[in-house]
Each structure stands twice: as C-alpha cells, then as structure tokens.
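Reader: Hi there! I would love a close look at one part of this model, with the contacts spelled out as you go. Could you walk me through it?

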Amino acid sequence: MAPRQGNTSAGTGHSPRRRSLLAGLAVGAAGALGATAGCARVDVTGARDGGRLLDELRERGTVRMGIASEPPYASIDDQGQLTGEAPAVAGTIFRRLGVRDFEPVPVEFGALVPGLLSFQFDVVVAGMFINRTRCQAVLFSDPDYESKDAFLVPKGNPHRVTSYQDVADQGLRMATGVGYAEYDFAVANGVRESRIQTYGDQIAGMEALEAGRIDCFAGTAVTMIEALRTGKHPKVGMTEPFTPEVNGKPQRDGGGYGFRLGETALRDAFNRELHAMKRSGELLRIAKPFGFTEDFMTDLTAKELCAR
C-alpha cells in the first residue's frame, strides 16, 4: 500500500497518525463532508432501516468496486484485469452474498470517498485505512489486515535494526518516503531529524541503500514486500514486520472496506462473511499471494479504529 501520511510532528504531544493509501490522510473524507456535503446528506437520509443496497446488488448481479491503483491492495494489471488483496477478498464475500460479478471503477485515491457518496460505485475496495475522520463519511467493515512497519536494509541487516529505537541508539542514517508517518515515528523515538532523509518511493530508497547513502529505509511492511518482488535489488533485504511504538504505546492501524452511511445491512452481512473467513483461515490463504502473512491478520474492529 502507499505510505501512511504523518499528520502531526513528534513535538505536538499527539501520536502520529498512520498513512493514507496516497497523499492526504484525511483529505478524502474531509472533502467529501465539505465539497460533497449534499451527497452525504442525501445518502444518510436515504438509507433507512439498514438500507436496501444488498437487495439491489443481488437483483443487479454486479457490484461496482471503487479502487485506487496501488499494488498489492488493488490495481489493474498489464492484461487489464483487476487484481490485489482487497478485490480478491471482497469478490469472495460478495459471491457468497449472492452477487456474482464485479465492475472495477478506478479513481484517484482522493476521489474514493466523494465517488462513493455520489453513487459512482457501491463500495470502496482499496485497503483504505480506517480513522476517525473517514468514519464521519464512510461506514467501514471491520479491518481485514493490520498494518506493520519494516525496514529495508543491506542484505544480512549488518546493524541488526529491528525498531526505531535501534536507529536512534546507533545514530544510523535512516530514510523514508515524503510525507510518510514513519518519519514521525522515528523522531518520536529519538532519531535526530538531521539523520533522516526522504525519497519519493521504496525503489529510490533501495538505490540509496545500495549506494551506501543510508543505513535503512522505513515504510509499511507490505509495500516493502511488494518492492522487493521485482528482484532488481539483490543487495537489499527486509527486517521482520513490527508494530511501531510512540511513548510506549503501540500504533495499531488497519484497513477495510467502505460503504455509504446507513447501509448497515450490507456492512453487517459483509462482516459476518469476513469474520467466518478469519476463523477458518481462508482470509490468510486468499491474502498470502499478495504478500500478506499471518503477521498482518488482526482482531481490530472498525469501532475501535473509528474512536481514535
């Protein structure tokens, strides 16, 4: 997935919020509540008694999935086919709910929430992070994965880096992406800002590692796994995924599927299937080919994440 965006600095007294698929952690939801407020009002008042969207989808036989192209979460491949962990999971669930076909609707990340509220598609299928701001505009399923951080390091991890504290203690040269929350996590753990560089993406970070300009590159673990799949940087390895801490508190976050407010019948039916897949291990089996391991499975709920 794309980077988490840092919303606060370490000196504010607040823990940094984690990334937003693309730039702008809360822009999509905030914009939807403002610029498309009329759509939001119509949706809220129109979907009563749990909504009728599930019945409508069964009658139609097709669900329109809003995606923002970002491997391994959701994207259109070279053959023009929809792929990724999120549509693989959502497609399985919708088939079990009696909706056989799906239609991908690719948009920019910032257009996902406005597009959902203006009925351009029926559900956001993009691994979208669940946070308090978005929950004002979107009805979320429980998360199907939990985000973890990791470091790209020289093969063999010569500095034995496993946490931001290790980076601070050794005075290592760390890099991360522009706007990534990992910058804030590092500073909050004592890494001097003068020791942190920023790059456009993980590929640029791997090139910097190979050139010896940095000692490690921090980002979300799943995006690291995806970047390493190319096999073009054999001198670069990755640490084990971990949950970052700030002031001793774990920074747990997760992503899920977004529905219009009021469509609780569809959301609840979706959640029932999702939890059954978690219990049986099917969710992990579906997600694993896309780089999601058991480390990314979660017991977090949308209610917890919306309250933060």
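Author: Happy to! Let us begin with a term: a contact here means heavy atoms within 4.5 Å. Please keep in mind that this is a predicted model.

With that cut-off, and leaving aside residues up to four places away in sequence, Arg132 touches Leu305, Cys306, Ala307 and Arg308. Arg132 itself lies in helix α6. Along the chain, Arg132 and Leu305 are 173 residues apart, yet 6.9 Å separates their C-alpha atoms. There is also a polar detail for you: the side chain of Arg132 reaches the backbone oxygen of Ala307 at 2.4 Å. How buried or exposed is Arg132? Its relative accessible area is 44%, so Arg132 counts as partly exposed, because the partly exposed class runs between the 20% limit for buried and the 50% limit for exposed.

One of the residues that Arg132 touches, Cys306, brings us to a covalent link. In general, a disulfide is a covalent bond between the sulfur atoms of two cysteines. The structure holds one disulfide, and this bond joins Cys135 to Cys306, with 1.9 Å from S to S. The pair links distant parts of the chain: Cys135 belongs to helix α6, which spans residues 132–135, while Cys306 belongs to helix α13, which spans residues 302–306, and the two cysteines are 171 residues apart. If you care about torsions, the angle about the S-S bond is -65°, and the link of Cys135 and Cys306 is left-handed.

The two partners fall into separate classes of accessibility. Cys135 has 17% relative accessibility and so counts as buried, because buried means under 20%. Cys306 has a relative accessible area of 22% and is therefore partly exposed. Another cysteine, Cys216, is buried, with a relative accessible area of 0%.

Since burial has come up, helix α3 is a good place to finish. Helix α3 covers residues 53–60, and its buried residues are Leu53, Leu54 and Leu57. Why do these leucines sit on the same side of α3? They cover an arc of only 100° around the axis, which puts them on the same side of the helix. What covers the buried residues of α3 includes the strands β1 (62–67) and β15 (254–260), together with the helices α4 (85–96) and α11 (264–280). After α3 comes Gly61, whose phi is positive, near 85°.

Note on methods
Residues numbered from 1 in each chain as written. Predicted model: local features only at pLDDT ≥ 70, side-chain atom pairs only at ≥ 80, totals over all residues. Heavy atoms only, no water. Disulfide = S-S within 2.5 Å. Helix = DSSP H or I, 4+ residues; strand = E, 2+ residues; numbered from the N terminus. Buried < 20%, exposed > 50% of the residue type's maximum accessible area, 1.4 Å probe, protein only. Arc of directions from axis to C-beta. Polar contact = N/O pair within 3.5 Å; in protein donor to acceptor, adjacent residues only side chain to side chain.
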